[in-house]
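I opened this entry to go through the strands, the cores and the ring contacts in turn. The structure goes in first, then my notes.

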Amino acid sequence: MTGSKQIKRLSFDGETGSLLVEIYGPGRKVYRLDSWEAGLRLHGDTGSGPVNLVLFLSKLRLGETDVQALDAFASSIPEEVVRLALSFPHAQLQMLQLLRGGGESALELARDIPVLVWLLASAVLGKGVGLSAAISLTRGKRLEIVRAVYPEGATGHLKLIKRMWAPEYTAEVLRAAYWVLRNETAQRHLRHCSLVVLPLLAEIANAPDLLAFPVILREVSDELGSRYRLKAARAMCETCLRLGEEGGVSNVGHILRNCKSLEEVTSLSNRWHLRYNRKLIEETATLNREKEAVADFGQVMRAEMRRRAQLQRERVAAMAIRRRERAKNTRAAMQFGFPIPPIPGNEYIVPITTYAKLVREGETMHNCVATYVNKVANGDSYIYQVFYPQRCTLEILLDSGCSVGEMKAPANKAPSKAAKAYVKKWLRLNGYPQ
């Protein structure tokens, strides 16, 4: 399951050929998944959001009885469909529903352009496209699927999607795919690649201009490429750009575009480092001559050093005072608890009222929210636990009314759009429009 939901119990209904999935999270619910022959439909109360059951990879976390129920259900799915779905842990249930509903047309599309079907399944999971509409799209023109996923899609986007590849299609890979679809610079540089390895693109998502260099394109188009080599290539290109600019080289970009391999870029970086060091030595020699010409230079420097030492001592003293204040606030928070929450919680958004709960939240979510104890104790902000539609840690700022400060999923990942929308709705209901 995704988010805060977890599989509690699986059972196989022999009479109806359905897999019963009993879950717990914010509220206890039971869903029923029909077998492949029955249309692979989902029944139950889905008001809390879509169920994404990773049918095959979840076996590692289930008990023996649950595995038997899972195997009984999975055995109803054709072997080719199972083989196609294994590499799609994200939106896997939606993939299966599309392949079942779309029939041979959807299977043919999945064999030819699996990423396109997966993008459509992800749109169904995110409720951007209805399931019945998505099934109809699998039987129509492929360009229409691109436009359903990305309204500004064109023939060039379809050609690019055909070349996208990943060993496993996760949420991170989905973000990389959408980044390419929305970034014209990345599209312009990637259009000549015969293969685009999506997981590697995450390493240069904040610097699409680097795709102009062949050494970067070589790495992101190599299915055997590694993040280590791509990071090394990026570091070398950025170093060369910096050294070339500082060294006054006018055609740095042209020179880098002529480097076809990581070894050539490394050699160029070494040469420019030597040039930069020689320039630095010359500037140092000039500075030394200027020092000799100024008789009182030494006295000025010593006075400057004393001034800096005094400033450092003052900074250390100020930091010590701040540490004592923080410790005092922390002890007060641990003894008396936090102030009354500015906004009451609800079933899915719960305020953290004690320091111990704040520490546990940081350990559970793998973030540094425990360090916010001073802000909460001083009334600058307040921390809440969000359980639906995604497990998140929420900070509400109190400086001017109540507004969202930070909102993070586990391990400081960005929250989903649905989680952000739910928090905004909660604030509006409590009289704080955003």
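**Strand pairing**

I began at one bridge: in β9, the partner of Val386 is Cys392. I was working on a predicted model throughout.

I then looked at the two strands around this bridge. β8 and β9 are antiparallel and pair over six bridges. They make a hairpin, with five residues between them.

On to the next pairing. Strand β9, residues 392-397, also pairs with β10 in the antiparallel sense, here over four bridges. I found Thr393 opposite Lys408 in β10. Helix α16, residues 355-365, packs on the sheet and touches β8 (381-386), β9 and β10. The direction of α16 makes about 135° with that of β9.

I checked the turn between β9 and β10 as well. The hairpin of these strands has five residues between them, and Gly401 there takes a positive phi near 75°.

Next I wrote down the whole sheet. It is open, has four strands and runs in the order β7-β8-β9-β10, with antiparallel pairing. β7 (349-351) and β10 (403-408) are the edge strands; each has a single partner, so one side of each has no neighbour in the sheet. From one strand to the next the twist averages 30°.

How many of the six residues of β9 are buried? I counted five, so β9 is largely enclosed by the rest of the structure.

**Nonpolar cores**

I turned to the cores. The largest nonpolar core holds 89 residues. Those with the most contacts inside this core are Ile161, Met164, Leu190, Leu201, Leu211, Ile216 and Val220. Helix α4, residues 114-125, gives the largest share of this core, with ten residues.

I followed Ile161 outward, leaving aside neighbours within four places in sequence. Ile161 is in contact with Ile113, Val115, Leu116, Leu119, Val146 and Leu181. Another core, of 28 residues, lies apart from the largest one; among its members are Ile343, Tyr388, Ala419 and Tyr422. As background, nonpolar side chains in soluble globular proteins tend to be buried together.

**Aromatic rings**

I counted eight aromatic pairs. Phe88 and Tyr169 are a stacked pair, 4.5 Å centre to centre with 15° between the planes. Phe88 is in the loop between α2 (79-85) and α3 (92-112), and Tyr169 is in the loop between β5 (164-165) and α8 (171-182), so the pair ties together parts 81 residues apart in sequence.

Are these two rings on buried or exposed residues? Phe88 has 3% relative accessibility and counts as buried. Tyr169, at 4%, also counts as buried.

I took Tyr348 and Tyr422 next. They form an edge-to-face pair, with 6.2 Å from centre to centre and 65° between the planes. Tyr348 lies in the loop between α15 (297-336) and β7, whereas Tyr422 lies in helix α18 (residues 417-429), so this pair ties together parts 74 residues apart in sequence. Tyr348 and Tyr422 are both buried.

Going back to Phe88, I noted that ring pairs link Phe88, Trp118 and Tyr169 into a cluster. I also looked for a charge over a ring. The charged end of Arg100 sits over the ring of Trp36, 6.0 Å from the ring centre.

**Ser261**

My last stop was a loop residue. Ser261 is in the loop between α13 (252-257) and α14 (262-293). Is Ser261 buried or exposed? Its relative accessibility is 17%; the cut-off for buried is under 20%, so Ser261 counts as buried.

Which residues does Ser261 touch, not counting those up to four places away in sequence? I found Val215 and Arg218. I also took a C-alpha to C-alpha distance: Ser261 and Leu217 are 10.0 Å apart in space and 44 residues apart in sequence.

Terms used
Residues numbered from 1 in each chain as written. Predicted model: local features only at pLDDT ≥ 70, side-chain atom pairs only at ≥ 80, totals over all residues. Heavy atoms only, no water. Pairing = 2+ DSSP bridges. Axes fitted to C-alpha atoms, helices over the stretch in contact; angles between N-to-C directions. Contact = heavy atoms within 4.5 Å. Core = buried A, V, L, I, M, F, W, Y, C linked by side-chain atoms within 4.5 Å. Buried < 20%, exposed > 50% of the residue type's maximum accessible area, 1.4 Å probe, protein only. Phe/Tyr/Trp six-rings, centres within 6.5 Å; stacked < 30°, edge-to-face > 60°. Lys NZ or Arg CZ within 6 Å of the ring centre and 35° of its normal.
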